[in-house]
Amino acid sequence: MRSRKLRVTTGVAIFGVATLVLTSCSGTTNASSTDGSFEVTAASLEGAPTFDPVMYMNGAAYDYAAAAYETLVMYDDEGNLLPGIATAWEYTTPTEMTMDIRTDVVFEDGSGLDAELVAANLERYRTTPGTYQARLNSIDTITVVDEDSLSLTLNTADQSLPQAFSLSVGMMVSQAAIDDPDLLLTDTYGSGPWVLDSYAEDSEYHYIRNPEYSGPLDVAVDELNFTVITDLTAQLNALLAGDVDLISAQWSQRETAEAQGFAALSSESNVGGIWLFDRAGAVVPALADVRVRQAINYAIDREAVGTALWSEYQRPSSAVFGIYTTAYEESLDDYYEYDPERAMELLAEAGYPDGFDLPILARSMFGEIQRLEAALPYLEAIGINATVEDRTNDYFDAMTNQEYGAAQGQQNGGTNSYVNMSNMLAPNAQLNPFETVDPALTALIQDAAGELEEDAAATKWQAVNEWVVENAWFAPVAFYHTHTAWNDDKLDGVSFAAGQTYPLPFEWRPAGE
Amino acid sequence: MTLYILRRLGITVLMVFIVVTLAFFLVALMPNDVTSAILGPDATREARDALREEMGLNDPALFRYFSFITGLLQGDLGTSYVSRQPVVTQVLDRMPVTLTLSIGGIILTTVLGVVLGVVAATRGGWVDSAIRGSAGVVQAIPNFWLAVLLVLVFAVNLKLLPASGWTPIAENPLDFLRSATLPLLAIGLAATAAVVRQARVAMMDVQAKDYMQTLRATGLPEWRVIWIHGLRNASIPVLTVIGLQFVALFGGAVLIEQVFALPGVGSLVVASVNVGDMPMILGVVVALSVVILLMNLLIDILYGVLNPKARLA
């Protein structure tokens, strides 16, 4: 009996010691490094597929590239463009652009930069399949003028290039990486504020301060870690447990984090709604009539649907140009006030008093099915038999194959009117799958794209926006926010740059500094 | 015994081939378009069509299948469409985490399940009721929900263990234990409950056999009668359950890896399916099939060792 008691006691003691050892060896990343350097760990929804900027787009993974590469152009929280590697740029004509560059840039492999290398980088981005390759389609030729300047000849007026150069297609890599791009599969070759020190693929990424950095940023983070946590709830738990310092969140998680004493912030990023693609009525004849498209816009109670989906973190709108674009026009937000009776009148005038069938393409990503389901009762109320067509796996194929006259979607509100136009209105735009062309709109776009004077260009882009709203090419519901939450006992300076869905680390500093 | 093992090995190779073939054509039928992931949302239709052609995605499925099988026979699983890195390297990088979860989970399951099952069967009374009741409750809880509960209690509230992340054992054994404890508990407890129930029933059955009385009559200590002779005879049905649980643990690992943000094969396959990275999906399928079939082979061999009659089957 005594020996059994002894065994039990020994077992409990071993378990207790093991528990103490396990739990006392803190693996938390919350503390700064013991050498006094400032170390921050951010959760990321994705790992880095490669370190080649070609593959990077605005989103959760963008920081992997943004940390290590300098862009030609930078931008602030309002979307204003600032000098980066390019010190100045100018459109001499609507199809000619010149650019001066810094030549004090030193890459992490010790090599330097000149206009030849900038030209080689742009040429690579222009010809290599990648996420923003389409943004450089307007470049016809790149000419090196001298060591620190170059000129671009465009095949069409495109004033969005400086903004494109603030994205991954503006990130400069060293000559070694240009010569052998495969080097970028496993390492960074940039001149950014940090350099990649080590990583465990799709798990942990460790960056350290780049002593050679010569750009305009004054970063405070000495060691920058990214921990890949692909689930937002797991990210929230990791923040609450002290495993990470900053996370992405949805509004409900953001509020939980705030209730637990963490700081949070959001930024208007995307517009969600129903895109009415079939403006010639090829698949859904009713959509050819502008009155039908307007009826759909009048039928949806944007305030109610937006609040149900995104709480207070949204702005109902009838337009698709975001608040940071020059085309933004506040009066267009409530152009289509909720008016089901007016909607039914318009349907009757168009010859559809009993409604019609409207299958709507959707995908179960970003909560899009739920968003569509929230809007469907409003369409049913005016007699439109709208149904959800879940094509998650081949959403874009179904769209480009013109299988559906309408789709549930989301689109970045953007910072540049020309880019929004290219993505949503141009004949070859992904969100114009029926390649609708209207001479009136084309004229307005050409007028705006060719205008070099800023205020005049803004007025012309607003005219484009107004035309699109009036002709109801889309039925947007609201611009909604993306959120972040962070440990403000440790970290300060967190903000969203305009149009970004993830905070960049450039301004992060120790709390209280 | 050698012939028995060779026969099982042959069946295993055949099964791998069948699974891989089925997986290839199922994945080939998937409508996911990887060009969207590579070219981003702004790409024009022309650009996507050109890339599809360049990547050989327009080639007939049979042509791509033979190309895949030829590569597979040479140990080459191809290159990821998205990361442009060899699939073999990426799968092998991720496999240790998933294997640690699955093998660690099955060890935890086996040890806890057999011990508790035998104790329940031999002690009876309130001990048996308590163990059976607890096993029933644990088995009814989905492992992903159990994982969330464990995180909330031990990581978020008590801050005793991390809520996410993984430290390889070679890097820091103590941090490895810290990072692996909650995932292993989450993945192993439900399987443990199943083994407890099976071990209890098998042991009760064995205890009623005459040879157990004979063993006791020879003067053997009770612990030897139970834990050596009794357990050996009760182990065959238990082994069956453990084999099935191992396969289930692999499936469970996908969810557990998501909850704890572990860089395993499960999260790799989820990400690959989302973007339609066919070589990566197939690479994971091949790797998991091989591991699961090898585990089945091991179980078959253990059957043969424990029960000579099984070798004749």
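Two strands are taken here to pair if DSSP finds at least two bridges between them. In the predicted model, this criterion is met by β6(A) and strand β7 (residues 149–154) of chain A, which pair in the antiparallel sense over six bridges; within this pairing, A:Asp146 has A:Ser149 of β7(A) as its bridge partner.

These two strands belong to an open sheet of four strands in chain A, arranged in the order β4-β5-β7-β6 with antiparallel pairing. The edges of the sheet are formed by β4 (86–93) and β6 (139–146) of chain A, each of which pairs on one side only, and the twist from one strand to the next averages 20°. Helix α3 (residues 115–127) of chain A lies across β5 (96–101), β6 and β7 of chain A, and its direction makes an angle of about 170° with β6(A).

According to an unreviewed UniProt entry, residues 82–426 of chain A are covered by the annotation "domain: Solute-binding protein family". The C-alpha atoms at the ends of residues 82–426 of chain A are 28 Å apart, and the span consists of 28% helix and 26% strand.

With regard to enclosed space, four cavities of 30 Å³ or more were counted, the largest of which holds about 80 Å³. Twelve residues line the largest cavity, and those lying nearest its centre are A:Thr400, A:Asn428, A:Ala429, A:Glu435 and B:Arg45. By character, the lining of the largest cavity comprises four nonpolar, five polar and three charged residues.

Methods
Residues numbered from 1 in each chain as written. Chains lettered and ligands numbered in written order. Predicted model: local features only at pLDDT ≥ 70, side-chain atom pairs only at ≥ 80, totals over all residues. Heavy atoms only, no water. 1 Å grid on protein atoms, 1.4 Å probe; cavity = no way out; pocket = protein on both sides within 12 Å on 5 of 7 lines; lining within 4 Å. Points joined across faces, edges and corners; volume = space filled by probe spheres on them. Nonpolar A, V, L, I, M, F, W, Y, C, P; charged D, E, K, R; others polar. UniProt positions renumbered as here; feature names shortened; annotations may be inferred. Axes fitted to C-alpha atoms, helices over the stretch in contact; angles between N-to-C directions. Contact = heavy atoms within 4.5 Å.
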